[in-house]
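Subject: Structure handover

Hi,

Here is the structure for you to look over. Please open it first, then read my notes alongside it.

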Amino acid sequence: MTAGRLREHAPGVLVATSDMYMTNTTVVVAGSRCLVIDAGLLPGELRALEDELTARGLQVEAGVSTHAHWDHVLWSAGLGNPPRFATRKTIETLARSRQVMVDDQIRGAGERWYARWDVQLVARLTEIPSDSRVPWGGPKAMLIEHDGHCPGHSAVYFPDLDVLAAGDMVSDVEVPGLDWDQADQPASYAKGLDALAAIDGVRLVIPGHGRVGDGEELKTRLENDRRYLETLAAGGVVDDPRLTGWPPMTQQHKGNVEGMKKLAP
């Protein structure tokens, strides 16, 4: 995320896409303050985000982590010390997994990419209020919670902006990533898709990884993900261009196939 990578996709809605995994950081602006969703990814990109927000005269009022995977719970000191909100299930999951995440995933990624994150700031989250509304002074922001992909996964919906920051769902480059440590994950994932489909009037969808799309693109991605899940459950051959477009998806799909086999009677 070099300086100047933030792009405005709607008034006051900025997105920066990392060079790693096409990871998106969403920044919603209200005057001189902003809300940062899923800050990431590489340390240099986080520092560049700090610099660009400063250059724009923006102060981070709050953050959101959409779910309990390591690439969505990062932070850096230059972004300040605002509350970073997440669902209760996300925080409970991290209470069990944070140290292993830091020791194995984050430090392991650092060795591969010659990178070093501030691990003291990883996953330092605050539970979202019971009404699921993010407490900040900008446009209304609601967490849409489900258990697809990860326990307590959330999207962030801005009803006044018709913008949906979807977390690790409805991607144009990733097939559904199912969490096989959860019981009945295919059904939970489908319910997550239903929760997103039930939101009326989305004009801009921002996936955790991949390209920003419009409302019609969101419908297409929902259909593609449902078709993937249905074919997977039926034991059929999945014909999905996302499996050939990005090498990690081959392994992700293989894990889904093995997980589905374990559910077979």
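One term before we start: contact means heavy atoms within 4.5 Å. An axis here is a line fitted to C-alpha atoms, for helices over the stretch in contact, and an angle is taken between N-to-C directions. Keep in mind that this is a predicted model.

With that in hand, look at helix α1, residues 43-55. Helix α1 lies across β3, β4 and β5. The angle between α1 and β3 is about 20 degrees.

**The sheets**

Those three strands belong to an open sheet of seven strands. Read across, the order is β1-β2-β3-β4-β5-β6-β7, and the pairing is mixed. At the edges are β1 (7-10) and β7 (126-127), each of which pairs on one side only. Inside the sheet, β4 (residues 33-37) and β5 (residues 59-64) run parallel and share five bridges. To find your place there, go to Arg33, which stands opposite Gln59 in β5.

There is also an open sheet of five strands, in the order β8-β9-β10-β11-β12. Its pairing is mixed too. Here β8 (142-146) and β12 (213-214) are the edge strands; each has a single partner, so one side of each has no neighbour in the sheet. Strand β9 (residues 153-158) pairs with β10 in the antiparallel sense, over three bridges. Val156 has Ala165 in β10 as its bridge partner.

**The cavity**

Now for the empty space. Rolling a probe the size of a water molecule over the atoms shows where such space is left.

How many cavities of 30 Å³ or more does the structure hold? One. The volume of the largest cavity is about 50 Å³. Ala165 turns up again here, as one of the residues in its lining. Others in that lining include Asn24, Ile37, Asp38, Thr66 and Pro207. Three strands each give at least two lining residues: β3 (24-30), β10 (163-167) and β11 (204-207). The largest share, three residues, is from β10. By class, the lining has five nonpolar residues, five polar and one charged.

**The pockets**

The largest pocket holds about 1100 Å³ of space. It is lined by 39 residues, and the closest to its centre are His69, Gln105, His149, Leu178 and Gln252. Two helices, α2 (88-113) and α6 (248-263), each supply at least two residues of this lining. Which element gives the largest share? That is α2, with eight residues. The lining divides into 17 nonpolar, 13 polar and nine charged residues.

The second largest pocket holds about 180 Å³. It has 13 lining residues. Nearest its centre lie Ala197, Ile199, Gly215, Leu218 and Lys219. Helices α3 (185-197) and α4 (215-234) are the elements that give two or more residues to this lining. The largest share is from α4, with seven residues. Six of the lining residues are nonpolar, two are polar and five are charged.

**Where to start**

Begin with α1 and the strands it lies across, β3, β4 and β5. Next, follow β10 from its pairing with β9 to the lining of the largest cavity. Then move to the largest pocket and pick out α2 and α6. Finish at the second largest pocket, with α3 and α4.

Best wishes

Technical notes
Residues are numbered from 1 along each chain as its sequence is written. This is a predicted model: local features need pLDDT of at least 70, side-chain atom pairs count only at pLDDT 80 or more; totals for chains, interfaces and linings use all residues. Side-chain values use heavy atoms; hydrogens and water are left out. On a 1 Å grid over the protein atoms alone, a cavity is a set of points where a 1.4 Å probe fits but cannot get out, and a pocket is an open set with protein on both sides within 12 Å along at least five of seven lines; lining residues have an atom within 4 Å of a point. Grid points are joined across faces, edges and corners, and a volume is the space filled by probe spheres set on the points. Helices (H or I, at least four residues) and strands (E, at least two) are DSSP runs, numbered from the N terminus. Ala, Val, Leu, Ile, Met, Phe, Trp, Tyr, Cys and Pro count as nonpolar, Asp, Glu, Lys and Arg as charged, and the others, Gly among them, as polar. Two strands pair if DSSP finds at least two bridges between them. Axes are lines fitted to C-alpha atoms, for helices over the stretch in contact, and angles run from 0 to 180 degrees between N-to-C directions.
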